[in-house]
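Visitor: I would like to go through this model with you and ask, term by term, what justifies each label.

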Amino acid sequence: MAELVHLVRHGEVHNPRHLVYASLPGFRLSPRGVRQTRLAGCYLAGRPLGAVWSSPLERARQTAENLAGPHLLEVGVLPELVEWGLMDRWAGHRWEEIPELFPGEMEAYLQHPSDLAFAPETLPELADRIATAVRQAEATVSDGEVAVVGHQDPIQAGRLLLTGRSLTELFRDRPEHCSVITLRPGDPWTEIGVWSPP
């Protein structure tokens, strides 16, 4: 079992139309996002990483490759780390259009994300999916540490469940692009610290 697990949000994405990209293909890191991943890679370069796991989406895999490079590791892909199903409902639309196209849904998401009857995947289901995937990644090394790369709301939901916090805190201190949230496995897991690229 890993001593520490680092939850990492992918870097900034090239998205000039401000679309909800969710699980859509073709969304790569922006130049700034690439720089962020390199900084995160430098931050984790001195850590004893034994494995790097990623969501299958391109932006996450790009980020994971820059984290794995200094350690000469191959990136493993866990399909369970993919984006929240709720975002797929809105995928392909501009964020500014969501209130008109899906009346009341954005407001509900922002006010009570743990109770969304219209969501194809509930927040508790998301949290359980991500926490299970993180535990699976953590079990792949017998010594050292693991990095797990995913997406903002999924990482936050998994973080809250693993550390025994309420899912109502979804919007409290959410991870920024390429933030590294370090957790120590336990019952519950303990948050050791958070690093974000300057």
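Guide: Let us begin with helix H1, in a model that is predicted; what covers the buried residues of H1 includes E1, E2, H2, E5 and E6.

Visitor: Which residues of H1 are buried, and what makes them count as buried?

Guide: The buried residues in H1 are Gly33, Gln36, Thr37, Ala40, Gly41 and Leu44, and the word is used for a relative accessible area under 20%. Seen down the axis of H1, these buried residues fall within an arc of 140°, so they line one face of the helix. On the other side of H1, Pro31, Arg38 and Cys42 are exposed.

Visitor: How do you know that the length of H1 agrees with its number of residues?

Guide: H1 has 15 residues, which at 1.5 Å a residue should span 21 Å, and because the end C-alpha atoms of H1 are 21 Å apart, the two values agree.

Visitor: Why is the contact of Arg32 with Glu12 called a salt bridge?

Guide: The closest N and O atoms of Arg32 and Glu12 are 3.1 Å apart, and because the cut-off requires a side-chain nitrogen of Lys or Arg within 4 Å of a carboxyl oxygen of Asp or Glu, the pair qualifies. Arg32 lies in H1 (residues 31–45) and Glu12 in the loop between E1 and H1, so the salt bridge ties together parts that are 20 residues apart in sequence.

Visitor: Is Arg32 buried, exposed or partly exposed, and what makes it so?

Guide: The relative accessible area of Arg32 is 46%, and because partly exposed covers what lies between under 20% and over 50%, Arg32 is called partly exposed.

Visitor: What makes Arg89 and Glu105 a salt bridge, and which parts does the pair tie together?

Guide: The side chains of Arg89 and Glu105 meet at 2.6 Å, N to O, and that value satisfies the cut-off of within 4 Å. Arg89 lies in helix H3 (residues 85–90) and Glu105 in helix H5 (residues 105–111), so parts that are 16 residues apart in sequence are tied together. Arg89, at 34% relative accessibility, counts as partly exposed, whereas Glu105, at 7%, counts as buried.

Visitor: Where else are salt bridges found, and how many does a search of the whole structure give?

Guide: A search of the whole structure finds 13 salt bridges. One of them joins the side chains of Arg129 and Glu121 at 2.8 Å, N to O, and both Arg129 and Glu121 are buried. There is also a network of salt bridges that links Arg159, Arg165, Glu169, Arg172 and Glu191.

Visitor: Why are E3 and E6 said to stand at the edges of the sheet?

Guide: The open sheet has six strands in the order E3-E2-E4-E1-E5-E6. Strand E3 (75–77) and strand E6 (190–195) each have a single partner strand, so one side of each is left without a neighbour in the sheet. Neighbouring strands here are turned by 25° against each other on average, direction ignored.

Visitor: What makes the pairing in this sheet mixed?

Guide: Strands E2 (residues 49–54) and E4 (residues 145–150) pair in the parallel sense over five bridges, and one of the partnerships is that of Val52 with Ala147 in E4. Strand E5 (residues 180–184), by contrast, pairs with E6 in the antiparallel sense, also over five bridges, with Trp195 in E6 as the bridge partner of Val180. Both senses therefore occur, and the pairing is called mixed.

Definitions and conventions
Residues are numbered from 1 along each chain as its sequence is written. This is a predicted model: local features need pLDDT of at least 70, side-chain atom pairs count only at pLDDT 80 or more; totals for chains, interfaces and linings use all residues. Side-chain values use heavy atoms; hydrogens and water are left out. Two strands pair if DSSP finds at least two bridges between them. Helices (H or I, at least four residues) and strands (E, at least two) are DSSP runs, numbered from the N terminus. Axes are lines fitted to C-alpha atoms, for helices over the stretch in contact, and angles run from 0 to 180 degrees between N-to-C directions. Buried means under 20% relative accessible area, exposed over 50%, partly exposed in between (1.4 Å probe, protein chains only). The expected span of a helix is 1.5 Å times one less than its number of residues. The arc is that of the directions from the helix axis to the C-beta atoms. Contact means heavy atoms within 4.5 Å.
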